[in-house]
Amino acid sequence: MIRTLAAADAEAYLELRRQALLDTPGAFAASPEDDLVATVEAFREQLGREPDSVVIGAFRERLVGMVGLYRDRHRKSSHTLHLWGMYVAPEHRHSGIGAQLLAAALAHARSVPGVEWVRLSVSAAAPDAQRLYERAGFRVWGSEPDALRAGGERLVDHHMALRLG
């Protein structure tokens with residue numbers, strides 16, 4: 001089942017988020033030590049900004065995947081949503097969950113008045129994720145060398161965008 005997470009999902013979300021940060025440190029700017037959404041209160045505050053900020057989850061008896069969207073707060077860029085935090089637990093990868101999460105996120109984006117673009121960043125170290133985004137219509141508009149440093153590596157981020165229409 002794919003659905004928007006609610007306050008009652010906070011503990012499951014935090015558990016999966018921590019797993020994501022530890023499992024794939026090069027895919028996230030956050031670390032467990034500095035994650036901005038590392039508490040129940042921070043998660044609930046983020047959910048309080050719906051529809052401009054949502055987290056969508058995939059459930060298979062428990063939460064096994066997630067993706068977030070947030071809208072730029074500045075008026076001049078409020079036509080853009082940012083996709084962030086895409087993660088599927090390793091034992092559930094290559095099962096279509098990532099595509100389902102992405103489809104649900106894009107459906108939500110299309111439902112938010114005034115939104116015309118969805119943007120994201122994906123690590124060059126995650127080619128499967130980049131292919132998933134490309135299949136959905138996202139295109140690379142730029143690459144950022146040395147965007148993140150994890151495990152002694154200097155990682156490149158590709159910035160991607162999809163015009164809704």
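## A first look at the chain and its salt bridges

Of the 165 residues of the chain, 46% count as buried. Please keep in mind that this is a predicted model.

Let us start with the overall layout. The chain is built from four helices and seven strands, and reading from the N terminus their order is β-α-α-β-β-β-α-β-α-β-β. With a radius of gyration of 15 Å, close to the 15 Å that the globule rule gives for 165 residues, the chain is as compact as a globular protein of that length. Its C-alpha trace spans about 35 × 35 × 30 Å along the principal axes.

How much of the contact pattern comes from residues 24 or more positions apart? Such pairs account for 60% of the contacts in the chain with a separation of 6 or more. On the outside, the accessible surface comes to about 9000 Å², and 51% of that belongs to carbon and sulfur atoms.

Now to the charges. The chain carries 20 positive and 21 negative side chains, and the centres of these two sets lie 6 Å apart. The structure holds eight salt bridges. Three of them are listed here, including their N to O distances.

| Salt bridge | Closest N and O atoms |
|---|---|
| Arg93 and Asp23 | 2.8 Å |
| Asp52 and Arg71 | 3.1 Å |
| Arg163 and Glu116 | 3.3 Å |

Take the salt bridge between Arg93 and Asp23. It links distant parts of the chain: Arg93 sits in the loop between β4 (80–88) and α3 (97–111), while Asp23 belongs to helix α1 (residues 10–23), 70 residues apart. Are these partners buried or partly exposed? Arg93 is partly exposed, with a relative accessible area of 33%, and Asp23 is partly exposed as well, at 34%.

Asp52 and Arg71 form another salt bridge. Asp52 lies in the loop between α2 (40–47) and β2 (53–59) and Arg71 in strand β3 (residues 63–71), so this pair ties together parts that are 19 residues apart in sequence. Asp52 counts as partly exposed at 30% relative accessibility, whereas Arg71 is buried, with a relative accessible area of 16%.

In the remaining pair of the table, the side chains of Arg163 and Glu116 meet in a salt bridge. This pair, too, links distant parts of the chain, with Arg163 in strand β7 (residues 153–163) and Glu116 in the loop between α3 and β5 (117–123), 47 residues apart. Glu116 is partly exposed, with a relative accessible area of 36%. Elsewhere, Asp146, Arg149 and Arg154 are joined into one network by salt bridges that share partners.

Notes: Residues are numbered from 1 along each chain as its sequence is written. This is a predicted model: local features need pLDDT of at least 70, side-chain atom pairs count only at pLDDT 80 or more; totals for chains, interfaces and linings use all residues. Side-chain values use heavy atoms; hydrogens and water are left out. A salt bridge is a side-chain nitrogen of Lys or Arg within 4 Å of a carboxyl oxygen of Asp or Glu. Helices (H or I, at least four residues) and strands (E, at least two) are DSSP runs, numbered from the N terminus. Buried means under 20% relative accessible area, exposed over 50%, partly exposed in between (1.4 Å probe, protein chains only). The radius of gyration is taken over C-alpha atoms; the globule rule is 2.2 Å times the number of residues to the power 0.38. Contact means heavy atoms within 4.5 Å. Accessible areas come from the Shrake-Rupley method with a 1.4 Å probe; for residues, only the protein chains shown count as cover. Lys and Arg count as positive and Asp and Glu as negative; His and the chain ends are not counted. The place of a charge is taken as NZ of Lys, CZ of Arg, CG of Asp or CD of Glu.
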